[in-house]
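This report walks through one protein chain, from its sheets to its charged pairs. Keep the 3D view open while reading.

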Amino acid sequence: MDGSKENMTSKDVKSVFESRARYDSPANIFTVKRPEVPKHVFVDEIEQAMGGDTPTSWVSLDIGKKMGFDYPATTPLLLGRYARILPGESLSGQFNASGEIYYVITGSGSASKSGEMISWSKGDVFALPGGGETELIGNQEVAVLFQVTNEPELDFHKLDAPLPEKAPTQAALYKSSEIKHQMAIVHDQQKADPNVSGLALHFSSEKREKMMDIHPSIALAMNSLDPNEVQRPHRHNSVALTLPIQSENVYSVIEGEKVDWHQYAIMITPPSHLHEHHNEGDEMMLSLVVQDGGLYYHLRTIGFSFG
């Protein structure tokens, strides 16, 4: 039994645990830097997802290595994907997340999870609880969807996904027609506010109504900008993933650099970067914006300000 764990002395045990200890002594811990969240537009990925020869598959928006992670990530807390489903086929996935959010770029079909089924079509938004298996079933046309989850957040904490019935999100459907109706209601009243940061409709659900978000770490909104208008420059601590929907002659200026919009190509606006959006087109700009704002609102650190 010599050398076994049973015969280790208290001194031996103490030395094992002490050997794991590490100490750091930066002069100012607030100056410690991590790799930045980069400005990025996922043009190649949307072309792949919309491409005629691409099979039914997930197309990951993974730049985790650029941010120093050893797991897939689009931002420190969020991971985006496109889902491409050929006519009559289905696509399944099991994601280590506590919530899943989808926007239907084209096509129609249904989503099945944990005994619930949602029917979706172009322009719809829907949410699903995290955990378990998700199946997307296409109809008789090619379907492409954008998906975002908080997988990197759980990977960071080394946590497993909850059971769907224990997840903080719930299955909810936001129909395209109702989104447009609700946006028309708020458009004029928001335009009259001199401090408005943008014309936006925020998504929540029965389960998250009190917190006015769709997920504890995620804020989701449909943004609009009238033709030939410029959004007032602003910044916030939350990162933004922008999905351009109506985007002809639309671009952003992020920290002085022009970034052109490409329809349905996810664009990253890094946290705290001063940015503004320009609509030089003749139709209203529409975009779906995903932020890790839920977490910042909870911490009271959203840090919003005009430039």
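A salt bridge here is a side-chain nitrogen of Lys or Arg within 4 Å of a carboxyl oxygen of Asp or Glu. By that criterion, the structure holds seven salt bridges. The model is predicted.

## Salt bridges

Side chains of opposite charge can pair when their charged atoms come close. Three of the pairs are tabulated here.

| Pair | N to O distance |
|---|---|
| Lys-39 and Glu-257 | 3.3 Å |
| Glu-100 and Lys-113 | 2.6 Å |
| Arg-208 and Asp-213 | 2.7 Å |

Take the salt bridge between Lys-39 and Glu-257. Lys-39 sits in the loop between helix 1 and strand 1, and Glu-257 belongs to strand 18 (residues 257–260), so this pair ties together parts that are 218 residues apart in sequence. Lys-39 counts as partly exposed, at 33% relative accessibility. Glu-257 is likewise partly exposed, at 41%.

Next comes the salt bridge of Glu-100 with Lys-113. Glu-100 lies in strand 5 and Lys-113 in strand 6 (residues 108–113), so the parts tied together are 13 residues apart in sequence. Are these two residues buried or exposed? Glu-100 has 1% relative accessibility, so it counts as buried. Lys-113 is buried too, because its relative accessible area is 3% and the cut-off for buried is under 20%.

The third listed salt bridge joins Arg-208 and Asp-213. Both Arg-208 and Asp-213 are buried.

## The chain as a whole

The protein chain contains five helices and 22 strands. Its C-alpha trace spans about 80 × 50 × 40 Å along the principal axes. Of the 307 residues, 48% are buried. The chain exposes about 16,100 Å², and carbon and sulfur atoms supply 50% of that area. Consider contacts between residues at least 6 apart in sequence: 74% of them join residues at least 24 apart.

## The sheet from strand 2 to strand 11

Strands of a sheet pair through backbone hydrogen bonds, either parallel or antiparallel. One open sheet has six strands in the order 2-3-10-5-8-11, with antiparallel pairing. Its edges are strand 2 (57–61) and strand 11 (172–174), each of which pairs on one side only. From one strand to the next, the twist averages 20°.

At one end of the order, strand 8 (residues 125–129) and strand 11 run antiparallel and are joined by three bridges. Ala-127 has Ala-172 of strand 11 as its bridge partner. Helix 2 (residues 43–50) packs on this sheet. The helix touches strand 2, strand 3 (79–85), strand 5 (99–106) and strand 10 (143–149), and its direction makes about 20° with that of strand 3.

## The sheet from strand 1 to strand 12

Another open sheet also has six strands and antiparallel pairing, in the order 1-19-16-21-13-12. Here the edge strands are strand 1 (40–41) and strand 12 (199–202), and each pairs on one side only.

Which strands does strand 16 (residues 240–246) join? Three bridges join strand 16 to strand 19 (residues 267–269), running antiparallel. Thr-242 has Met-267 of strand 19 as its bridge partner. Six bridges join strand 16 to strand 21, also antiparallel. In that pairing, Leu-243 is matched with Leu-288 of strand 21. Strand 16 is mostly covered, with six of its seven residues buried.

Strand 21 (residues 285–291) also pairs with strand 13 (residues 219–225), antiparallel and over seven bridges. There, Ala-219 has Gln-291 of strand 21 as its bridge partner. Helix 4 (residues 176–191) lies across strand 12, strand 13 and strand 21. The helix runs at about 135° to strand 12.

## A nonpolar surface patch

Which residues form a nonpolar patch on the surface? They are Ile-29, Phe-30 and Val-32, with about 360 Å² of accessible area together. Ile-29 is found in the loop between helix 1 (10–19) and strand 1. With a relative accessible area of 54%, Ile-29 counts as exposed, because the cut-off for exposed is over 50%. The loop that holds Ile-29 also holds Lys-39, the partner of Glu-257.

Methods. Residues numbered from 1 in each chain as written. Predicted model: local features only at pLDDT ≥ 70, side-chain atom pairs only at ≥ 80, totals over all residues. Heavy atoms only, no water. Pairing = 2+ DSSP bridges. Helix = DSSP H or I, 4+ residues; strand = E, 2+ residues; numbered from the N terminus. Contact = heavy atoms within 4.5 Å. Axes fitted to C-alpha atoms, helices over the stretch in contact; angles between N-to-C directions. Patch = residues over 30% accessible without salt bridge, like charges linked within 9 Å, V, L, I, M, F, W, Y side chains within 5 Å. Areas by Shrake-Rupley, 256 points an atom, 1.4 Å probe, with all protein chains shown as cover. Buried < 20%, exposed > 50% of the residue type's maximum accessible area, 1.4 Å probe, protein only.
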